[in-house]
Amino acid sequence: LTVTRALRYDYKEFHFRGTGTIRGSIKQTRKKFGISSVLVPGLDFMSSEGFYRSTLSFMDSEHISFLGIMFAYYDALGIFQRQLAFVSIDRTVSARDLARTLPSSGPYRSVDPRLEKVRLPAGLGP
C-alpha cells in the first residue's frame with residue numbers, strides 16, 4: 001500500500017473558521033484540516049519510501065495545510081497501541097504548539113495520554 005493510498009483509505013476532512021491575511025488585511029477565513037487513520041506503527045509508516053513527498057502531495061491534492069495521522073496497531077506482545085502525528089505546512093497552524101497544548105485540553109486533564117517525543121529517522125524531510 002503506498003503512502004498516498006494509506007492516507008486516503010480512512011481520511012476525514014473538517015472545516016473551521018480562522019483568521020488569515022487577505023490582501024494585507026486580517027479577515028475571517030474558512031480553513032480545513034484532515035485526519036487519516038493508518039493501521040501500522042507510526043515510525044514504520046513514516047519510514048516508508050517517499051513518505052515526505054507523498055504526504056505533501058496528498059495534502060496539496062486535498063487542499064489542506066494541516067494533517068493529523070492516527071496510527072493503530074497491535075505490538076509484538078499483542079497489546080493494542082495508538083499513536084498520533086501532525087504534519088503542518090501552515091505557519092499559523094503549529095503542529096508543535098498543538099502537541100504542547102494537547103495534554104492540558106479538556107479530555108486529557110483526567111487521563112494520561114502518555115505523550116512522548118520520538119526521534120524521527122533521518123531523511124524524512126526534503
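Helices here are DSSP runs of H or I with at least four residues, strands are E runs of at least two, and both are numbered from the N terminus. With that settled, His63 can be placed in the loop between α3 and β3. The model shown in every view is a predicted one.

**Figure 1. The whole chain, with its four helices and four strands.**
Walk along the sequence and the elements come up in the order α-β-β-α-α-β-β-α. Of the 126 residues in the protein, 28% are buried. Take the contacts with a separation of 6 or more: 52% of them join residues 24 or more positions apart. As for the outside, the protein exposes about 9,400 Å², with carbon and sulfur atoms supplying 54% of that area.

**Figure 2. Inside the largest nonpolar core, a set of 16 residues.**
Leu7, Phe45, Phe51, Leu67, Ile69 and Phe71 are the members with the most contacts inside this core. Two or more residues come from each of α1 (3–9), α2 (42–46), α3 (51–62), β3 (66–74) and β4 (80–88). Leu7 makes a handy starting point for looking around. Setting aside neighbours within four places in sequence, Leu7 is in contact with Ser36, Phe45, Thr55, Phe58, Leu67 and Ile69. Phe45, Leu67 and Ile69 turn up again here, having already been named among the core residues with the most contacts.

**Figure 3. Two residues that Leu7 touches, Ser36 and Thr55.**
Ser36 sits in strand β2, while Thr55 belongs to helix α3. Are they buried or exposed? Ser36 has a relative accessibility of 0%, so it counts as buried. Thr55 is buried too, with a relative accessible area of 2%. Beyond four places in sequence, Ser36 touches Leu7, Asp10, Tyr11, Phe58, Leu67, Gly68, Ile69 and Met70. For Thr55, with the equivalent neighbours left out, the list reads Val3, Leu7, Gly50, Leu67 and Val87. Leu7 and Leu67 appear on both lists.

**Figure 4. A stacked ring pair, Phe14 with Phe33.**
A search of the whole structure turns up seven aromatic pairs. Here is one of them: the rings of Phe14 and Phe33 are 5.3 Å apart centre to centre, with 25° between the planes. Phe14 is in strand β1 (residues 11–22) and Phe33 in strand β2 (residues 25–38), so the pair links parts of the chain 19 residues apart. How accessible are the two? Phe14, with a relative accessible area of 35%, is partly exposed, and Phe33 counts as partly exposed at 23%.

**Figure 5. A second stacked pair, Phe66 with Phe86.**
This time the ring centres are 5.8 Å apart and the planes meet at 25°. Why does the pair count as stacked? Planes under 30 degrees apart meet the cut-off, so the 25° between Phe66 and Phe86 makes the pair stacked. With Phe66 in strand β3 and Phe86 in strand β4, the pair ties together parts 20 residues apart in sequence. Phe66 counts as buried at 9% relative accessibility, whereas Phe86 is partly exposed at 25%. Put this view together with Figure 4 and you get a cluster, with ring pairs linking Phe14, Phe33, Phe66 and Phe86.

**Figure 6. His63, in the loop between α3 and β3.**
What is the backbone doing at His63, and what is its phi? Phi of His63 is near 60°, a positive value in a residue other than glycine. For background, most residues other than glycine have a negative phi. Is His63 buried or exposed? His63 has a relative accessible area of 63%, which is over the 50% cut-off, so it is exposed. Phe33, from the ring pair in Figure 4, comes back into the picture here. Its C-alpha atom is 8.5 Å from that of His63, although the two residues are 30 apart along the chain.

**Figure 7. The second largest pocket, with about 240 Å³ of space.**
The lining is made of Leu1, Thr2, Val3, Ala6, Tyr9, Asp10, Ser37, Val38, Leu39, Val40, Phe45 and Ser48. Which element gives the largest share? That is α1, with three residues. Both α1 and β2 supply at least two residues of the lining. Phe45 is a face you have met before: it lines this pocket and is also one of the core residues with the most contacts in Figure 2.

Methods. Residues numbered from 1 in each chain as written. Predicted model: local features only at pLDDT ≥ 70, side-chain atom pairs only at ≥ 80, totals over all residues. Heavy atoms only, no water. Core = buried A, V, L, I, M, F, W, Y, C linked by side-chain atoms within 4.5 Å. Buried < 20%, exposed > 50% of the residue type's maximum accessible area, 1.4 Å probe, protein only. Contact = heavy atoms within 4.5 Å. Phe/Tyr/Trp six-rings, centres within 6.5 Å; stacked < 30°, edge-to-face > 60°. Areas by Shrake-Rupley, 256 points an atom, 1.4 Å probe, with all protein chains shown as cover. 1 Å grid on protein atoms, 1.4 Å probe; cavity = no way out; pocket = protein on both sides within 12 Å on 5 of 7 lines; lining within 4 Å. Points joined across faces, edges and corners; volume = space filled by probe spheres on them.
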